[in-house]
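I opened a new structure today and kept notes as I went. The entries follow the order in which I looked things up.

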Amino acid sequence: MSVKSRRSLLFVSGALLAVAAVAVPVVAGTAAADPASANQPRIVGGEKASLSDHPYAVYLTDAGGNQFCGAVIVSSTAVATAAHCAKAVAKQDIRVVAGREDKRTTDGQVLSVSKVWVGQGYSDPTKGTDIAVLTVRGQFDQRPAKLPDSGDAGLYAKGTQATVLGWGRIADGGARSDYLRSAEVPLVSDTECKTDYSVYDQRTMVCAGYAEGGVDACQGDSGGPLVVGDTLIGIVSFGDGCAKANKPGVYTRVSTYSDDIKAQAKPRLLG
Ligand code: 4AZ
């Protein structure tokens, strides 16, 4: 979520208002020269993506079918998402939509949620541990993303090109994207991200984006995947606006939570 919208979100109690505040996409934006839009995400790029390349990309809706976040399949019965997404809507109202590239269709599956696990100690995206696992009723038809293991530290090297995926708003103040979109963003070093964000914590977060801005995740992409190949390395968490120079997207560092995610993702007899 955006640093600036976070404060207002804390005072919103209604689920629908929370959805509206959380909800907006994957953007490739430019820091607009137009002063009227300089402070808002300006989505000028990114591209339509295919679920045949990224079948594990899913989105979350409320009971009314309004998309409010992304998520990613991690087993036949579970998705990972951001903790701030899991907490935005009551468990009984969360739906996981899988196998649907275009929100206007009825393709794929809509599954309800039987269990919500939130990372231990989570309080706020800027304090880290913005991770949750939702167990669904039923089983996904799509294959899961891979989780990083201890041998995958190299995936987090500065400059690694990663892919962020999501369904979100793609025009300044406009409607969210009907289609899944993707953008390629390079990973940023811990030292650089710490200069960009004083709250940056290299144990629980990782940053991606160009110093000049222009390509980024944005509101509504929260909870969605940042992948290298089919390996999930990040979960969209927060940022200062979207696609601004020296304000890369901040993602939950999935490798820190691989064991927790695996434990939660195990198919259970009951659930
Ligand atoms: C959000 O509000 C959000 N530019 C997600 C990602 C970013 C900013 C805001 C990163 O969901």
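**Entry 1: the core.** I began with a definition: a nonpolar core is a set of buried Ala, Val, Leu, Ile, Met, Phe, Trp, Tyr and Cys residues joined through side-chain atoms within 4.5 Å. I also noted that this is a predicted model. Which members of the largest nonpolar core touch the most other members? I found Leu60, Val96, Leu226, Leu232 and Tyr251, out of 69 residues in that core. Then I looked up which element gives the largest share of this core. That is strand S4, residues 67–75, with six residues.

**Entry 2: leucine 226.** I picked one of those core residues and listed its contacts, leaving out residues up to four places away in sequence. Leucine 226 touches Ala162, Thr163 and Val164. Val185, Leu187 and Ala208 are also on the list. So are Thr231, Leu232, Ile233, Gly234 and Tyr251.

**Entry 3: strand S11.** Ala208 took me to S11, which covers residues 205–208. Are its residues buried or exposed? I found all of them buried. Met205 and Cys207 point one way, while Val206 and Ala208 point the other. Next I looked up the neighbours of S11. Strand S10, residues 181–188, runs antiparallel to S11 and is joined to it by two bridges. Strand S15, residues 249–253, also pairs with S11 in the antiparallel sense, over four bridges. I checked cysteine 207 on both sides. Valine 188 stands opposite cysteine 207, and valine 250 is its bridge partner in S15.

**Entry 4: aromatic rings.** How many aromatic pairs does a search of the whole structure find? It finds two. I wrote down one of them: tyrosine 197 with phenylalanine 238, edge-to-face. The ring centres are 5.9 Å apart, and the planes meet at 75°. Where do the two residues lie? Tyrosine 197 is in the loop between helix H4 (190–196) and S11, and phenylalanine 238 is in strand S14 (residues 231–238). They are 41 residues apart in sequence, so the pair ties together separate parts of the chain. Tyrosine 197 has a relative accessible area of 5%, and phenylalanine 238 has 6%. The cut-off for buried is under 20%, so I noted tyrosine 197 as buried and phenylalanine 238 as buried.

**Entry 5: charges over rings.** I came back to tyrosine 197 and found lysine 247 over its face, 5.0 Å from the ring centre. I noted another case at tyrosine 179. There the charged end of lysine 48 sits over the ring, 3.7 Å from its centre.

**Entry 6: helix H5.** I moved on to H5, residues 258–265, and found Ser258, Ile261, Gln264 and Ala265 buried. Where do the buried residues fall, seen down the helix axis? They fall within an arc of 135°, so they line one face of H5. I then asked what covers them. The cover includes S4, strand S5 (78–81), strand S7 (109–118) and strand S8 (132–136).

**Entry 7: strand S8.** I ended with one of those covering strands. In S8, five of its five residues are buried. Ala132, Leu134 and Val136 are on one side, and Val133 and Thr135 are on the other. S5 pairs with S8 in the antiparallel sense over four bridges, and valine 79 stands opposite leucine 134. S7 runs antiparallel to S8 too, joined by five bridges. Here valine 118 stands opposite alanine 132.

Methods
Residues numbered from 1 in each chain as written. Predicted model: local features only at pLDDT ≥ 70, side-chain atom pairs only at ≥ 80, totals over all residues. Heavy atoms only, no water. Buried < 20%, exposed > 50% of the residue type's maximum accessible area, 1.4 Å probe, protein only. Pairing = 2+ DSSP bridges. Phe/Tyr/Trp six-rings, centres within 6.5 Å; stacked < 30°, edge-to-face > 60°. Lys NZ or Arg CZ within 6 Å of the ring centre and 35° of its normal. Contact = heavy atoms within 4.5 Å. Arc of directions from axis to C-beta.
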